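Subject: Structure for you to look at

Dear colleague,

Here is the structure I said I would pass on. My notes come after it.

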Amino acid sequence: MNALLEKSDHIQREFDEALAQANDRDELERVRIRFLSRNGLVAQLFEQLKDVPIEEKPSVGKALNILKARILDQFNEKKRLLERSTGDRGKELDLTLPGRPRPIGTRHPITQTIDEIRQIFVSMGFSIAYGPEIESDYYNFEALNFPPDHPARDMQDTFFLSKGKKVLLRTHTSPVQIRTMERQRPPVREIMPGRVYRNEAVSARSLVSFHQIEGLYVDRGVTFSDLKGTLVAFARQFYGKDVQYRFRPTFFPFTEPSADMHISCFLCKGSGCRMCKYGGWLEILGAGMVHPHVFKYVGYDPEKYSGFAFGMGIERIASLRYGVDDIRMFYENDVRFLRQF
Ligand code: PHE
């Protein structure tokens, strides 16, 4: 066999090997220079064609041309492959394609409800206070005028954290009233949002953990009219200015007199529907005039000061407002549910 053809076989094998090992643009460029440039190995083969005996020239020349074409093909194929896999795809990027949507979160409906209620009271001159979720019997019950062993304590099924039942998870936000009054002298105008706990069976209408907003207003000469005026002003802003309301007597150990506030059902406007259980009214909060015993516990003189307090359950208010008939849905965090608020 012609020595030049032997050399060309050798170069083909070398080229195959070098190409297989070239894994990026720079390595590929080095392969090109070594084999395909003006003084590369392929060009050198053609250079040596002049020394081939004249009668062999046509066949050897043809073989070299085939070699060169094949090497060029292989090289271009590899180049295309590399460009595709390294994301170097210039022409393949279609700038007219729609972008990829990124879903963004929204504030939780319970947070939204708290913020809205808070904002209404802040605009009336209330400020915000917080208290601990782990409470003592003293703040959750005793200072709120729940006598020891009194059945009123059973109104709120309690999670106790200590054997002697002295440490517990607060069952309402009312203990923050006590902490607020211990800290400051009247006038007091405070809104106290927070999480509360009750040892109850979970159902469509009750959870073991939910939220309340407490309100407290203490000053000289505060009357039940102030309570009504403030809460009606709130209800008109939150539920709409045409809302009807009524107060019905009830009992809380820490307020006297005590009342539940009802508003006309905003779904049926009072004519009766599923939401108001066909009664036309919705209970939205509990309230009352602060009991003189409570003032004694915090060192306020009940002869000098009077005040009112109220408390409302946020999950209940949000479920009425948004027509959610199972409050467990607020805590399943299903985005299909949460997206709607
Ligand atoms: N703490 C009461 C409850 O959880 C609500 C309330 C607060 C009532 C303040 C009167 C005054 O049911």
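Below is what was found, going from the whole chain to single residues.

The model is predicted, so please read the notes with that in mind.

Overall form. The chain has 11 helices and 9 strands. Its radius of gyration is 41 Å, whereas the globule rule gives 20 Å for 341 residues, so the chain is more spread out than a compact globule. Along the principal axes, the C-alpha atoms fill a box of roughly 130 × 50 × 35 Å. The chain is divided into two parts: domain 1 covers 3–92 and domain 2 covers 109–338. The C-alpha centres of domain 1 and domain 2 are 85 Å apart.

Burial, contacts and charge. Of the 341 residues, 43% are buried. The exposed area of the chain comes to about 19,600 Å², with 51% of it supplied by carbon and sulfur atoms. If one takes the contacts between residues at least 6 apart in sequence, 65% of them join residues at least 24 apart. There are 50 positive and 45 negative side chains, and the centres of these two sets lie 4 Å apart.

The loop between α6 and β3. This loop runs between α6 (137–140) and β3 (167–169) and holds T158; D149 is found there too. T158 has a relative accessible area of 11%, under the 20% cut-off, and is therefore buried. Leaving aside residues up to four places away in sequence, T158 touches F141, L168, L169, T171 and N199. D149, with a relative accessible area of 79%, is exposed.

Backbone points to check. Most residues other than glycine have a negative phi, and most peptide bonds are trans. D149 is not a glycine, yet has a positive phi of about 60°. Y278 also has a positive phi, near 65°, and is a residue other than glycine. Y278 sits in the loop between β7 and β8 (281–290) and is exposed, its relative accessible area being 61%.

Where are the cis peptide bonds? One runs from P186 to P187, with omega near 5°; P187 lies in the loop between α7 (175–183) and β4 (188–197). Another cis bond joins E256 and P257, where omega is about -5°. P257 belongs to strand β7 (residues 255–264).

Regards

How values were computed:
Residues numbered from 1 in each chain as written. Predicted model: local features only at pLDDT ≥ 70, side-chain atom pairs only at ≥ 80, totals over all residues. Heavy atoms only, no water. Helix = DSSP H or I, 4+ residues; strand = E, 2+ residues; numbered from the N terminus. Rg over C-alpha atoms; globule rule 2.2 N^0.38 Å. Buried < 20%, exposed > 50% of the residue type's maximum accessible area, 1.4 Å probe, protein only. Contact = heavy atoms within 4.5 Å. Areas by Shrake-Rupley, 256 points an atom, 1.4 Å probe, with all protein chains shown as cover. Lys, Arg positive; Asp, Glu negative; His and termini not counted. Charge placed at Lys NZ, Arg CZ, Asp CG, Glu CD. Domains from an automatic or database assignment.
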